[in-house]
Structure formats: structure tokens, C-alpha cells
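Subject: The structure I promised you

Hello,

Here is the structure we talked about, with the sequence alongside. Please have a look at it first, and then read on for what was found.

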Amino acid sequence: MSLLRRLLVATALLLTCVAVPAASAAEVSLRLLAVGKDAATLRVDLDESQDVAVNWGEQPGDWTGHAASSAPAGEHELVLTGLAPTRRYFYQVEIAGVPH
């Protein structure tokens, strides 16, 4: 398994364990669906319809990429593009504009 895939899988697993703030009633499920040479697909499932975005970059908080989804059913697939195979990436998911 490539380093990028292992890092993204580990991050996805960690993020699925993060509690959603009490102000948000939505239940969140994050899954890494696919990792390619220069892209990865992240799935975010919510129990209610809300906008979802993901920001990513090589340093936490220094986001160089952004993808957003406003799927009405609460099932979002976001594609992280422009990735390099030998780099480590961090990402942060936002639900209704609130970072998680």
C-alpha cells in the first residue's frame, strides 16, 4: 500500500472517531473510497441534508485545495485533486461551514 494511501486511510479512520460538536445534530460518517496517482475520493454521509466541503494541503491549516458538495440526500463524494504520490496531505472536512 502506498504511503499516501496509508496516510489517507489512517486519517479517514481517525476522523470517523471524532465526535461532532453538540451544536450539530448531524451524524457523520467519513470513508476514503479511492486513491489514485493524483486524486483521492472521500465520502461523507450525514443523517440530514447539509453542505459539505473539504480543504487539503501539505500543512495543517495551509489549505491549497478545496472541494464542496451540496447533495440534497446528505450523501457527498468529494474528490481531492492535484495530489502528488510522494507527498503527505492533511485535510479538514466542513459541515454547514463548521470545521470538523
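A residue is called buried when its relative accessible area is under 20%, exposed when it is over 50%, and partly exposed in between. With a relative accessibility of 47%, E77 therefore counts as partly exposed. Please keep in mind throughout that this is a predicted model.

Let me start with the overall picture. The protein chain holds one helix and seven strands, and along the sequence these elements follow the pattern α-β-β-β-β-β-β-β. The chain has 100 residues, of which 32% count as buried. It exposes about 5,800 Å², and carbon and sulfur atoms supply 53% of that area. Among contacts with a separation of 6 or more, 59% are between residues 24 or more positions apart.

Now to the strands. As a general reminder, strands of a sheet pair through backbone hydrogen bonds, either parallel or antiparallel. One open sheet here has four strands in the order β4-β3-β6-β7, with antiparallel pairing. The edges are taken by β4 (65-69) and β7 (98-99); each has a single partner strand, so one side of each is left without a neighbour in the sheet. Within this sheet, β3 (residues 52-57) and β6 (residues 90-95) are joined by six bridges in the antiparallel sense. If you want a place to look, find N55, which stands opposite Q92 in β6.

Another set of pairings involves β2. Strand β1 (residues 28-35) pairs with β2 over seven bridges, again in the antiparallel sense, and a hairpin of three residues joins β1 to β2. Seven bridges also join β2 to β5, and these two strands run antiparallel. R43 is a handy landmark here: R43 in β2 is the bridge partner of R31, and R43 also has E77 in β5 as a bridge partner.

How enclosed is β2 by the rest of the structure? Seven of its eight residues are buried, so β2 is largely enclosed.

That leads on to the core. In soluble globular proteins, nonpolar side chains tend to be buried together. The largest nonpolar core in this model has 16 residues, and V44, V54, W56 and V93 touch the most other members. The elements that give two or more residues to this core are β2 (39-46), β3, β5 (75-81) and β6. Of these, β2 gives the most, with four residues. V93 is worth a closer look: leaving aside residues up to four places away in sequence, V93 touches L30, L42, V44, V52, A53, V54, V98, P99 and H100.

Next, the charged side chains. How many salt bridges does a search of the whole structure find? The search finds five.

One of them is between D45 and R31, at 3.3 Å from N to O. D45 lies in strand β2 and R31 in strand β1, so this pair ties together parts that are 14 residues apart in sequence. With 17% relative accessibility, D45 counts as buried, whereas R31 is partly exposed, with a relative accessible area of 40%.

The side chains of E77 and R43 meet in another salt bridge, at 3.2 Å from N to O. This pair links distant parts of the chain, with E77 in strand β5 and R43 in strand β2, 34 residues apart. E77 was the partly exposed residue from the beginning of this note, while R43 is buried at a relative accessible area of 16%.

These two pairs belong to a wider arrangement: R31, R43, D45, E75 and E77 are linked in a network of salt bridges. R31 and R43, as mentioned, are also bridge partners across β1 and β2.

A further salt bridge joins R87 and E58, whose closest N and O atoms are 3.1 Å apart. R87 lies in the loop between β5 and β6 and E58 in the loop between β3 and β4, so the pair ties together parts that are 29 residues apart in sequence. R87 is partly exposed at 41% relative accessibility, and E58 is partly exposed at 34%.

Enjoy exploring it!

Best wishes

Note on methods
Residues numbered from 1 in each chain as written. Predicted model: local features only at pLDDT ≥ 70, side-chain atom pairs only at ≥ 80, totals over all residues. Heavy atoms only, no water. Pairing = 2+ DSSP bridges. Buried < 20%, exposed > 50% of the residue type's maximum accessible area, 1.4 Å probe, protein only. Contact = heavy atoms within 4.5 Å. Areas by Shrake-Rupley, 256 points an atom, 1.4 Å probe, with all protein chains shown as cover. Core = buried A, V, L, I, M, F, W, Y, C linked by side-chain atoms within 4.5 Å. Salt bridge = Lys/Arg side-chain N within 4 Å of Asp/Glu carboxyl O.
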